Amino acid sequence: MSQGQTGAEQRLVTPGMAVGPSAGKRAGSGIIAANESFIATQLGWLKENNNTISVDPIHAAYMPRSGDLIVGVVAEVRNNLWFMDINGSFQGLLPMSLAPWKVEFGAARQHMDIGDVVLARVQEVDECHNVVLTMKGVGLRRLKQGAVDMLPVQHIDRVRGANNERLQRLRDASDCRIMVGENGRVWIDGTPDAIKHARDAVHAIARSAHRTDIDTILNELETKMKGDA
Amino acid sequence: MGGYGDVQLLRDDGRRLDGRKLDEMRPVSIEAGVLPAADGSAMVTHGLNVAVAAVYGPMEAHPRKIQRQDRAVIDVRYNMAPFSTSDRIRPGFNRRSREISKVTADALESVVLVERYPRSKIRVEIEILAAEAGTRCVGITAAAVALADAGIPMRDLIVGVASGKVEDTVVLDLDKAEDNYGQADLPVGILPNTGEIAFLQMDGDLSPDEFELAMEYNFKAAKEIHEIMVDALRRRYEGGEA
């Protein structure tokens, strides 16, 4: 989404706005081609990367894709499966065969109940938006401590930075364990003060998602965190 | 409409009762993002009309019988507040609000890229806080800005605008007296960038020439309102925090 943006001044586009001729270029997300020109379909910042024109949306709903790491909340429990709120249009389904435990039929609630938070991965999404989750994999587990916060889905790449560099700096500076789910949920675990600082930093970065001075803001927050330590 | 032909609606100097020219709109102002709890929202003031629109979703469509396997459904609820007119309106759905909800949903479905969200529902709530003729058009304009504010992909920003006929003269953007005592009303939903018409209704009679002129007025007004819509979205995000 936001990765790969340069410091050049960005242009805000609205749905229906012509953003230039389509010749020799490809339409990315948020763009459709009509009458040999590109039309923006979403409100957002126009960007061009590798000859592809796309819109970095200001608001976007989470659209699950296979392989996404997500932070889910148990919304419903049945005899042999859990329904997870994954911050998307549809709930995700976690069958007991893809849970990390051996679960007896009818005993699903003993392992996870409504409101429990899990780190899971999207196993499969079909064309009708049925989402199947898995908790079989390294690091996928029930999250029993820490805090869960929400970010706009379109801003999570800003928090992570290229190759998770920015996220790693946040982890180091705050001395917290931080997991950023593709669905806009962030799990932060550490001391109460450290969690507070980390949450402030994450939100400050998300708020300034379309600016170019994110690293300056991050440096200031790092200094503040170190000062409190 | 057209039942009170003896009411004078045009002044001797050719202007309308409120001093507007024949092809002059009432003042329009739009603000995007007025409701923090909604995914997208907008407030449109058009003359004495005030409409607030809120958009929620896309979300799973419930009940499941309304789901479409290949696209989203747009669920519009148009409602006039009891205090929006001089006579109190009985709260809740009535025949008129059901009709306007339906035509608004149809108009919005033709601009929203509904095929991106199968089995989903996009909920659009339009609340008319103050009414002075042309509320369905104001509602459509507010809904379009709210949909854009919510990040819903659309082919264009649809604009609701109306013209009509009073004293055998075509006029743009009818006010309350012109709507009540005029001879015709022609509300349309226009896609300004492509010039397409997403919705059109006509109450009363217009000759082909009058219809042409009314549509010319509508297209001219749609361009003006579209600029105000884009400006509202720009003001919300450009230079501010997104």
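**Exercises on backbone geometry and contacts**

Asn163(A) is exposed, with 9 other C-beta atoms within 10 Å, where exposed stands for 12 or fewer such atoms, buried for 20 or more, and partly exposed for the range in between, with C-beta atoms placed from the backbone. The model is predicted, so that local features need pLDDT of at least 70 and side-chain atom pairs pLDDT 80 or more, while totals for chains, interfaces and linings use all residues. Residues are numbered from 1 along each chain as its sequence is written, and chains are lettered from A in the order in which they are written.

**Exercise 1.** Determine where Asn163(A) lies and what its phi is.

*Solution.* Begin with the location, which is the loop between helix H2 (156-160) and helix H3 (165-174) of chain A, helices being DSSP runs (H or I) of at least four residues and strands (E) runs of at least two. Then take the torsion: phi is positive, about 50 degrees, although Asn163(A) is not a glycine.

**Exercise 2.** Decide whether Arg119(B) is buried or exposed.

*Solution.* Locate Arg119(B) in the loop between helix H1 (95-109) and strand E5 (120-130) of chain B, and note its positive phi of about 65 degrees. Next count neighbours: Arg119(B) is buried because 22 other C-beta atoms lie within 10 Å.

**Exercise 3.** Describe the side of chain A that touches chain B.

*Solution.* First, 23 residues of chain A are in contact with 29 residues of chain B, contact requiring C-beta atoms, placed from the backbone, within 7 Å. Then sort the chain A side by class, which gives 11 nonpolar, 10 polar and 2 charged residues; Ala, Val, Leu, Ile, Met, Phe, Trp, Tyr, Cys and Pro count as nonpolar, Asp, Glu, Lys and Arg as charged, and the others as polar.

Note on methods:
Two residues are in contact if their C-beta atoms, placed from the backbone, lie within 7 Å.
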